[in-house]
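The following paragraphs lead the reader through selected features of one protein structure. They begin with internal cavities and then turn to individual residues and aromatic pairs.

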Amino acid sequence: MKPFEHKAPPHASRGRGVVVGLLVTVAGSLAVSALLAQTRTPDAGDAAEREASERTAGKGTVWATGQNAFSFPLANLNDAERTRFVVGNSFFKRNWVEAPASTQARDGLGPHFIARSCAGCHLLDGRGAPPDWARTLLPGADAESSVGLLLRLSIPGQTDAQHGVVPEPVYGDQLGTAAVQGVQPEGHIEIRSRPIEVRFADGGTHTLRQPIYSITRLGYGPMVPNLLISPRVAPQVIGMGLLEAIPEADILGNARAQVALNGPLTAAIKGQPNRVWDVFANQGAGGEVLGRFGWKANVGSVAHQTAGAFLGDIGITSRVNWREACTPTQADCLQVPHGGGKGSDRQNGRKVTTLRTAAQASPEQPEIDDKTLGQVIFYTATLAPPARRRVNDLQVQQGQALFHQAQCAVCHRPSYTTSTQDSSGTGGFPRLTSPALKGQRIWPYTDLLLHDMGEALADGRPDFQANGRQWRTPPLWGIGLIRDVNGHQRLLHDGRANGVLEAVLWHGGEAEASKQQVLTMSAAERAALVAFLESL
């Protein structure tokens, strides 16, 4: 791959200069007006807006399709930043290994883990998929293990400010389906399903498959009977730094605007922000921030998300997450070598390597140092969402109009202008990873708020201020390229939906009225709606 060769097609240059400053202010009242304006059905006069929307990431947009469409840096990074991007890319994609190892830069895998690298779940910076459900039920080693889909674990109870959940006492807050030598994997995920038939007004039908999860082959005995589980599939990683750069006032303005809605399709839509703990807030002192990332908006920054995934998914400790994810009853987990703090000593005249155990981990000797972690954070924050496609296609334009008529744009808000705060962090949190993220009109199609999505999608598991029926509105940019990058289009929080139409049909709760609008559409109109979504 040659990541820096993509250029805008000739017609795209006409979009320069037409970026209208609808949302250039962070003032809440103007943000409310801007959101309401964007929910209106576009007409022929919006041609300039359609053309502007090709530039998904503003000046950072790359014109990329195909298998590597999600793997390019923002086009407006400078040379030094591109070099930093490449270094971060290497630590994102290469496998970590068990300690001790000949390499001291990439050891410390586990003790429990789900994948050996970030790219193990986010293949080609794209989206993970659930395992073949039927194959998870096969006996023994023939069963397919889950990598792109993980299970979060907790129990009911009063949470503290930093955790947002009460972890399962023996297994912690996430199921480790793999482990290093000498350590038991925590368990195996089995998935059964039941059919749900959906009927359209024109007589057509579609069958959805409701997944039913269970955990078998428990490594440390039974779990508590009141266990809460939440399946989460790995999303594509593009555009995270731009989402981080959306002014908080705009996101809170989305919630205020939705409170004021009372139309027949919108009266139930009342998005809610999540408030979460972020270890990097307040210049490293930690604190509560607005949640922006994760399926429950339970993470506030790219930095916190990255450090958390290193620990939870790969078992790599950092200065901010220095304890291995072993609970007190997991003795084998606590006794294996730790990848940090290696040294040498002389015993009987011979030089030998000295190792700490997982139980002896410390913040002074993490498995990934601050500099390397920072490179991966930078890489994650500067992956570009690729340009939108087919904006002048008539079927796509019809689908866009239907999208707005069904009020989908209330939650999937099309555009924002990112913060203009200084990249040093002056002006508050989150700190912008690169100046290239500043002041760009972007098209993520999300309000970054929590919504009740109905009983069929509910996991029953609270997470900070999110309840068991709420999910964050996921950004839609790049959704039409997932099949090209990852060879599938398994959507929603656990990949149960096979394609964008199924994802729409799973909507309920606050989105029930909009889904009913889709059910009344003709086959041609549904095809147009899908064409629009896949142009994003």
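A search of the whole structure, which is a predicted model, finds 2 cavities of 30 Å³ or more. The largest cavity has a volume of about 40 Å³. Its lining is made up of Ser53, Thr56, Arg388, Trp443, Tyr445, Trp477 and Leu536. Sorted by class, this lining comprises 4 nonpolar, 2 polar and 1 charged residues.

Thr418 may be considered next. This residue is placed in the loop between strand E11 (416-417) and strand E12 (441-442). Is Thr418 buried or exposed? With a relative accessible area of 2%, Thr418 falls under the 20% limit and is therefore buried. Its side chain makes two approaches to backbone atoms: the backbone oxygen of Leu437 is reached at 2.7 Å, and the backbone nitrogen of Gly439 is reached at 3.0 Å. When residues up to four places away in sequence are not counted, Thr418 touches Leu242, Ala245, Pro247, Leu437, Lys438, Gly439, Gln440 and Ile442. Leu437 and Gly439 thus appear both in this list of contacts and as the partners whose backbone atoms the Thr418 side chain reaches.

Strand E4 offers two further residues for examination. Arg194 lies in this strand, which spans residues 188-199, and Glu190 lies in strand E4 as well. For Arg194 the relative accessible area is 43%; this value lies between the limits of 20% and 50%, so the residue is classed as partly exposed. Glu190, at 12% relative accessibility, is under 20% and therefore counts as buried.

Which residues are in contact with Arg194, its neighbours within four places in sequence being left aside? They are Leu208, Arg209, Gln210 and Ile212. The C-alpha atom of Arg194 is separated by 6.8 Å from that of Pro211, a residue 17 places apart from it along the chain. For Glu190, with the neighbours within four places again left aside, the contacts are Thr136, Leu137, Ile212, Tyr213, Ser214 and Thr216. Ile212 is thus in contact with Arg194 and also with Glu190. Leu137 is 53 residues apart from Glu190 along the chain, and the C-alpha atoms of these two residues are separated by 5.8 Å. In addition, the side chains of Glu190 and Arg192 are joined by a polar contact of 3.4 Å.

The aromatic residues remain to be described. How many aromatic pairs are there when rings are paired if their centres lie within 6.5 Å? The count comes to 8 aromatic pairs. In one of them, Phe91 and Trp96, the ring centres are 6.5 Å apart and the planes meet at 45°, so the pair is tilted. Both partners have low accessibility values: Phe91 is buried, with a relative accessible area of 14%, and Trp96 is buried, with a relative accessible area of 1%.

Tyr171 and Tyr220 form an edge-to-face pair, with 6.0 Å from centre to centre and 70° between the planes. This pair links distant parts of the chain, its members being 49 residues apart. Tyr171 is in the loop between strand E2 (149-154) and strand E3 (178-179), whereas Tyr220 is in the loop between strand E5 (205-216) and strand E6 (228-233). Tyr171 is buried, as is Tyr220. Finally, ring pairs also link Phe85, Phe92 and Tyr379 into a cluster.

How values were computed. Residues numbered from 1 in each chain as written. Predicted model: local features only at pLDDT ≥ 70, side-chain atom pairs only at ≥ 80, totals over all residues. Heavy atoms only, no water. 1 Å grid on protein atoms, 1.4 Å probe; cavity = no way out; pocket = protein on both sides within 12 Å on 5 of 7 lines; lining within 4 Å. Points joined across faces, edges and corners; volume = space filled by probe spheres on them. Nonpolar A, V, L, I, M, F, W, Y, C, P; charged D, E, K, R; others polar. Helix = DSSP H or I, 4+ residues; strand = E, 2+ residues; numbered from the N terminus. Buried < 20%, exposed > 50% of the residue type's maximum accessible area, 1.4 Å probe, protein only. Polar contact = N/O pair within 3.5 Å; in protein donor to acceptor, adjacent residues only side chain to side chain. Contact = heavy atoms within 4.5 Å. Phe/Tyr/Trp six-rings, centres within 6.5 Å; stacked < 30°, edge-to-face > 60°.
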